[in-house]
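Let's take a walk through this protein, one stop at a time. Have the picture open and follow along.

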Amino acid sequence: MKFNRKDKTLETERLLLRLFTEADAEQVQFLCDNINIYKSTLNLPFPYSLQCALSWIANHEQNYTEDKLYEFAITDKKNGELYGAIALSNQRLHRNGEIAYWIGEPFWGNGYATEAAQAMLDFAFEEKNYHRVYARYFKSNPASGKIMKKCGMVYEGTLKDHVYKTDRYEDLIYYGIIK
């Protein structure tokens, strides 16, 4: 992972992780207005409107500048196509944070989330000096757990029936990694 502090970007073999801009809102809306993305994420609404995208993007720069939350667009390094998003929270007092991500359904199965997650872990440990990073996923979305395992994260526990979504309870499975 190559971090460019000035441009606020992370670069990997295939990807450029960068801050979102308003120009991304229509593609974010298109990718997130998807029942399968909704089912696999904790906080995305459905339907997902353009206003949702604009509201979400509006605070990214400030969150980054204030070291509260690092939210990046996952894009193709060569052509700039937007694949999804990845974020890292910052609990400064405890030197840890949560990583979360989504990839638009047309781009599933290409390893983009794994590549972006590994870059974000490197960013957390090398640039932000975190001690620990954790992540969670719905038991009904095991593909997300596979990403965590590929990045070296280890199972930490399950919160049974922790979230009520789409007319059923979901287990939340936690993974983590220590520097």
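We'll start with the largest pocket: 45 residues line it, and those lying nearest its centre are Ser40, Thr41, Ala100, Tyr101 and Trp102. Several elements give two or more residues each to this lining: helices H2 (35-40), H5 (112-127) and H6 (142-150), together with strands S4 (69-76), S5 (82-89), S6 (96-103) and S7 (132-138). The volume of the pocket comes to about 1200 Å³. Sort its lining residues by character and you get 28 nonpolar, 11 polar and 6 charged. Keep in mind that what you're looking at is a predicted model.

Two of those elements, S4 and H5, get a visit of their own. Let's take S4 to begin with, and stop at Glu71, which sits in this strand. Is Glu71 buried or exposed? With a relative accessibility of 7%, Glu71 counts as buried, because the cut-off for buried is under 20%. Its side chain has company there: a polar contact of 3.4 Å links it to the side chain of His60, and another polar contact of 3.4 Å links it to the side chain of Asn63. Both of these partners also turn up in the wider list of what Glu71 touches, if you leave aside neighbours within four places in sequence: Arg18, Leu19, Phe20, Trp56, His60, Asn63, Ile86 and Ala87. You can also look across to Leu88, which is 17 residues from Glu71 in sequence, with 6.6 Å between the two C-alpha atoms.

Now hop over to one of those partners. Asn63 belongs to helix H4, residues 60-65. Asn63 is buried too, because its relative accessibility is 16% and the cut-off is under 20%. Not counting residues up to four places away in sequence, Asn63 touches Lys68, Leu69 and Glu71.

Back in S4, the next stop is Thr75. Thr75 has a relative accessible area of 1%, so it is buried. What lies 2.6 Å from a polar atom of the Thr75 side chain? That would be the backbone oxygen of Leu16. Leu16 also appears among the contacts of Thr75 once neighbours within four places in sequence are set aside; the full list is Arg14, Leu15, Leu16, Arg18, Gly80, Glu81, Leu82 and Tyr83.

On to H5. This helix has 16 residues, and the distance from its first C-alpha to its last is 21 Å, close to the 22 Å expected at 1.5 Å a residue. How many of its residues are buried? The count is 12 of 16, so you can call the helix mostly covered. Among the buried ones are Tyr112, Glu115, Met120, Leu121, Phe123 and Phe125, along with several alanines, including Ala113 and Ala124. Just past the end of H5, Asn129 takes a positive phi of about 55°.

Next, let's look at some loops. Asn34 lies in the loop between helix H1 (25-32) and H2. Asn34 counts as buried because its relative accessibility is 16%, and buried means under 20%. Apart from neighbours within four places in sequence, Asn34 is in contact with Phe46 and Glu105. Leu50 is 16 residues from Asn34 in sequence, and their C-alpha atoms are 13 Å apart.

Phe46 leads us to another detail: a cis peptide bond joins Phe46 and Pro47, with omega at about -5°. You'll find Pro47 in the loop between H2 and helix H3 (50-58).

Our last stops are two residues with positive phi. Asp161 is in strand S8, residues 154-165. Its phi is near 45°, a positive value in a residue other than glycine. Asp161 is partly exposed, because its relative accessibility is 48% and that label covers values between 20% and 50%. Where is Thr166? Look in the loop between S8 and strand S9 (168-178). Phi of Thr166 is near 50°, again a positive value in a residue other than glycine. Thr166 has a relative accessible area of 33%, so it counts as partly exposed.

Conventions
Residues numbered from 1 in each chain as written. Predicted model: local features only at pLDDT ≥ 70, side-chain atom pairs only at ≥ 80, totals over all residues. Heavy atoms only, no water. 1 Å grid on protein atoms, 1.4 Å probe; cavity = no way out; pocket = protein on both sides within 12 Å on 5 of 7 lines; lining within 4 Å. Points joined across faces, edges and corners; volume = space filled by probe spheres on them. Helix = DSSP H or I, 4+ residues; strand = E, 2+ residues; numbered from the N terminus. Nonpolar A, V, L, I, M, F, W, Y, C, P; charged D, E, K, R; others polar. Buried < 20%, exposed > 50% of the residue type's maximum accessible area, 1.4 Å probe, protein only. Polar contact = N/O pair within 3.5 Å; in protein donor to acceptor, adjacent residues only side chain to side chain. Contact = heavy atoms within 4.5 Å. Expected span 1.5 Å × (residues − 1).
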